[in-house]
Amino acid sequence: MEAEEWKSVVHMYRVHDMWEDAYRVAKNHGGAGGQKQVAYLWARSLGGEAAVKLLNKFGLLEYAIESAANKFSFDFAFDLARLSCKEKIPEIHLKHAIYLEDEARFPEAEVEFIKAGKPKEAVFMYVHNKDWANAQRVAESHDPESVSEVLVGQAKFCFEQKDFQKAEAFLLRAQRPELAVKFYKDADMWSDAMRICKEYLPSKLSMLQEEYERVTSKKGGRGVEGLLEQAREWEQSGEYSRAVDCYLKVKDDSNVTSMENCWMKAAGLSIKFLSGDRAIEVVQLVGPRLIQLGKFNAAAELYLNMDLNKEAIDAFIEGEEWNKAKTVAKELEPRYENYVDQKYKEHLKNQGRVESLVGVDVMAALDLYAEKGQWEKCLDTASKQNFKILHKYVALYATHLIKDDDALKALQLYTQHGAPPNPQNFNIYKRLFLDLINLSNTDGPESYRMWADLRNFLQQLCENMSKSAEANSPAHEDFEQMLLIAHYLATRSAAKGVEQLLSVAAKVSVSLLRYTEIIHADKAFYEAGLACKAVGWENMAFIFFNHFVDLCDALDDGRAPDHSDFLDTDIPFEVPLPTKLCVTDAQVEQIRDWVLMVSVENRLEQVLPRDERDTYEASLVAANTGLRSLPCVLTGYPVLRNKIEFPAAGKAANKEDWNKFLMATK
């Protein structure tokens, strides 16, 4: 003990069967563990009832039983349990069985498992060792519930050995079809999985089908083959709805023909075997797909099979099979005949095939010509219709030309086709007139043709209006005034080309000042000033140029020009100020310098010339009496004495100017 070798002391006492001394030493020096160990060995040396008494005395009976079993002293463990703790016996049998299994003493282990009330463990032991016969024997004798486990075990083994038929048989005997489905799935044997599922687990078939489709869709080409195989199997087994679903799911852009065939197959099966609603649903799904592939006729035929006539018509239209579309509409759906015609017109319009469109819808064709700016063809085609249609497009073209600042071409248009008195055209006519009369540099002889055409156009318009509902209307009066202005402009251009008629041209320019509400004032005064200066009427030239300069200044500073020179004349005071001058800055400065020079020289009286009425000579209205004279048809000056009258009411000429004009023309 002084060497602290208490275990040697215990061993010494054990060898001499001095257990009390051994226990005393262990208790005092070996702690609880040592004490328990010596008590266990003491009891084992005694055995039987004596051992039980001893262990009870120390309160170590259960510990001793546990220790005996753990140390494989199963006889001692059984003795203690039988004498004092019978409920521990099954536990000891179980531990004994496990020990025997580990020792590969399977028959003995089986006996112990059964005694332990654990026959299932015996079954699992045999299953683990693939001893199927003994596993089944024990299961059938002692644990019927485990029979299916044995069968499942055998099935797994057979699957591993690729003996699928046997494996399937075992699982079906075990009433585990879901495992058969799983094993077949895992082995990528989908058709067998589907077969078992369809027969034994029909409620799970659609879920399995979806899973299969997900798997196959990830496999590309092989997936398509799988879908086809599955579709054929469904078809052969009479599962047409599922077969249709499979065929519809085939998507393979690398083999368009195969894909089309599958979709057609789906449609065919649905028409032949499925309900009307389902068949319509399938056809409505397949039709657009075929159209996308350019198979318009095939799609239309499918639609016709299901009496989807509108869809069939649309398919033919999309494929530009116009005759077929028309035939279907005519024979099966007459209410869609106009629809087909309309679509055909739209097609021709979109294709720009106007010539073809003319024969179908001439108005649409004319609109398209106009839209494309093919005005010659438009007017040529319109002229073959009627006057009203022709002038609708003449007006459209004229409007287009005016917007493009080509009023002259618009005038030629009306010169060629006439001027109908349609109120809706009046704004066009007015704009045409205003654009032309306010063009710059158009007072020379080279502009005669334009003014003559404008005069002829307005004369024809006024004659037409006098025979229409617009006779004597305010618009009629406006156009009569425009005709008079156009006539004076034409006369001036003609007169300017002949030396001896320059005074006539000058008088016309002066007369046109009374129309400055219509003609731009700066242009009218500028031209009048030039004309008067050219024939030596410097007094009037100075006054007109002076007013022209005032107008130019008004454009810059916004102040109204001085009209005092034109009191008691018929030259209007309230006229629109110019927004843009009709001449260049250099020309304005030239006029400004001349006016300044004349003012400095002070050689001219700033008074307009008067006649026998004591009135400005070009004014139609007498200042004192207010009497209005007729304007000369050549010059616009008032006709007082020595006049020539014409048959038309209100038309006269000054004899002197008229004779001068006759001489020049001769």
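## Packing of helix α29

In this predicted model, the buried residues of helix α29 pack against five named helices: α27 (387-403), α28 (407-417), α30 (448-466), α31 and α33. Helix α29 itself runs over residues 426-437 and has 12 residues. From its first C-alpha to its last it reaches 17 Å, close to the 16 Å expected at 1.5 Å a residue.

The buried residues of α29 are Phe 426, Ile 428, Tyr 429, Leu 432, Phe 433, Leu 436 and Ile 437. They lie on the same side of α29, because they cover an arc of only 165° around the axis. A general property of helices is relevant here. An α-helix has 3.6 residues a turn, so residues three or four places apart point the same way.

## Cavities

A search of the whole structure finds two cavities of 30 Å³ or more. The largest cavity holds about 60 Å³ of space. Its lining consists of Ile 437, Leu 489, Arg 492, Ser 509, Leu 512, Ile 519, Lys 523, Ala 524, Glu 527 and Ala 528. Two elements, α31 (474-496) and α33 (521-534), give two or more residues to this lining. The largest share, four residues, comes from α33.

Ile 437 connects this cavity with the helix described above: it is among the buried residues of α29 and also lines the largest cavity. Moreover, α31 and α33 are among the helices against which the buried residues of α29 pack. By class, the lining of the largest cavity divides into six nonpolar residues, one polar residue and three charged residues.

## The largest pocket

The largest pocket has a volume of about 630 Å³. It is lined by 22 residues, and those nearest its centre are Glu 480, Leu 483, Leu 484, Gly 650 and Lys 651. Helices α30 and α31 each supply at least two residues of the lining. The greatest contribution is that of α31, with seven residues.

The lining of the largest pocket comprises 10 nonpolar, five polar and seven charged residues. Helix α31 thus appears in three settings: in the packing of α29, in the lining of the largest cavity and in that of the largest pocket.

## The second largest pocket

The second largest pocket contains about 370 Å³ of space. Of the 13 residues that line it, Lys 507, Pro 638, Leu 640, Asn 654 and Glu 656 lie nearest its centre. Helix α36 (residues 655-665) gives the most to this lining, with three residues. In terms of class, the lining has three nonpolar, two polar and eight charged residues.

How values were computed: Residues are numbered from 1 along each chain as its sequence is written. This is a predicted model: local features need pLDDT of at least 70, side-chain atom pairs count only at pLDDT 80 or more; totals for chains, interfaces and linings use all residues. Side-chain values use heavy atoms; hydrogens and water are left out. On a 1 Å grid over the protein atoms alone, a cavity is a set of points where a 1.4 Å probe fits but cannot get out, and a pocket is an open set with protein on both sides within 12 Å along at least five of seven lines; lining residues have an atom within 4 Å of a point. Grid points are joined across faces, edges and corners, and a volume is the space filled by probe spheres set on the points. Ala, Val, Leu, Ile, Met, Phe, Trp, Tyr, Cys and Pro count as nonpolar, Asp, Glu, Lys and Arg as charged, and the others, Gly among them, as polar. The expected span of a helix is 1.5 Å times one less than its number of residues. Buried means under 20% relative accessible area, exposed over 50%, partly exposed in between (1.4 Å probe, protein chains only). The arc is that of the directions from the helix axis to the C-beta atoms. Contact means heavy atoms within 4.5 Å.
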